[in-house]
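Please look over the sequence and the structure below before reading on. The notes that follow take up the surroundings of the ligand and then the sheet.

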Amino acid sequence: MTNVIAVANQKGGVGKTTTCANLGIGLAQEGKKVLLVDSDPQSSMTISLGNPQPDQLPVTLATIMGKMLDEEPIDPGEGLLHHDEGVDLMPANIELSGMEVSLVNAMSREKILKQYLDGVKRQYDYVLLDCMPSLGMLTVNALAAADSVLIPVQAQYLPAKGLEQLLQTINKVRRQINPKLKIDGILLTMVDSRTNYSKEISTLLRDTYGSKLKVFDVEIPHSVRAAEISAEGRSIFAHDPKGKVAEAYRELTKEVLKIEKQRQKHKSEQLR
Ligand SMILES: Nc1ncnc2c1ncn2[C@@H]1O[C@H](COP(=O)(O)OP(=O)(O)OP(=O)(O)O)[C@@H](O)[C@H]1O
Ligand SMILES: [Mg+2]
């Protein structure tokens, strides 16, 4: 069984890409087969995984989705890159921004990414989708293709309103396209444990949402080490393996694996 996780928040710069890449590589280090899909025209994940010039890539997610729209055949493995820390990557470049427009008038426009993933995901234990900071058609495609959503929230701003909007979109996707979509949880990122403000936001989020949603126990600390890796082409585990950010992403990996185990247990209990 493949788990498809969308890493989403329409707010920009909250740590989606950093979380997607490092959770993916964390899962690979636990022996899982992982595909990372860059679904953001900004191509941050593609760049941060060692492809500094995504515009020169011959095949990206835009090419693949374009073929899906034109009902052209796609070779298995087409366009996939391999990262030497053990994950595959479907890269993106700026061409993907045209897809928002192309999708608007397309048939089954919410399910183009899902149709593609249904064809390739069997080879993987996890597929992680790095969403762009908007609730447009590309993000809806990611939510339609996903089994669950992981929501990074930056601990520096009160996220309440934006989060409500995201939860409403998730509910709408559930009602109209993907009834089984689950929420893995809210992940606090860039937490500066020295400031009271970070702690207040953490407490507020846990108090407000803790009864309805999982808020991950682990919080990702704010650290220049995390900011450095986007230019390095490798993960925090390779860049600063003993640091607190690597430690936190290892913890997150464990929590994500635990969620999967609990769901499997729940399923097999229902079958009995
Ligand atoms: N734990 C952290 N500590 C310090 N800086 C971080 C941390 N995580 C990410 N950053 C930096 O913050 C910036 C935003 O992170 P990231 O790109 O992961 O967010 P994003 O939500 O994907 O952004 P966008 O919405 O633009 O896609 C980047 O420069 C990144 O290097
Ligand atoms: Mg990003």
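This is a predicted model, and the shell around ligand 1 is made up, by class, of seven nonpolar, eleven polar and two charged residues. Apart from the ligand, the model also holds an open sheet that is formed by seven strands.

**Around ligand 1**

- In total, 20 residues surround ligand 1, and the closest of them are Lys16, Thr17, Thr18, Pro133 and Ala226.
- Two elements, helix 1 (16-29) and helix 9 (224-228), give two or more residues each to the shell around ligand 1.
- Of the elements, helix 1 gives the most to this shell, with three residues.

**The sheet**

- The seven strands of the open sheet follow the order 3-4-2-5-1-6-7, and their pairing is mixed.
- Because strand 3 (81-83) and strand 7 (182-189) stand at the edges and each have a single partner strand, one side of each is left without a neighbour in the sheet.
- From one strand to the next, the twist averages 25 degrees.

**One strand pair in detail**

- Strand 2, which covers residues 34-39, pairs with strand 4, which covers residues 87-90, in the parallel sense and over four bridges.
- Within this part of the sheet, Leu35 stands opposite Asp88, which belongs to strand 4.

**A helix across the sheet**

- Helix 6, made of residues 137-145, lies across strand 1 (3-7), strand 2, strand 5 (126-131) and strand 6 (148-154).
- Relative to strand 5, helix 6 runs at about 160 degrees.

Conventions: Residues are numbered from 1 along each chain as its sequence is written. Chains are lettered from A and ligands numbered from 1 in the order in which they are written. This is a predicted model: local features need pLDDT of at least 70, side-chain atom pairs count only at pLDDT 80 or more; totals for chains, interfaces and linings use all residues. A residue is near a molecule or strand if its C-beta atom, placed from the backbone, lies within 6 Å of it. Ala, Val, Leu, Ile, Met, Phe, Trp, Tyr, Cys and Pro count as nonpolar, Asp, Glu, Lys and Arg as charged, and the others, Gly among them, as polar. Two strands pair if DSSP finds at least two bridges between them. Axes are lines fitted to C-alpha atoms, for helices over the stretch in contact, and angles run from 0 to 180 degrees between N-to-C directions. Two residues are in contact if their C-beta atoms, placed from the backbone, lie within 7 Å.
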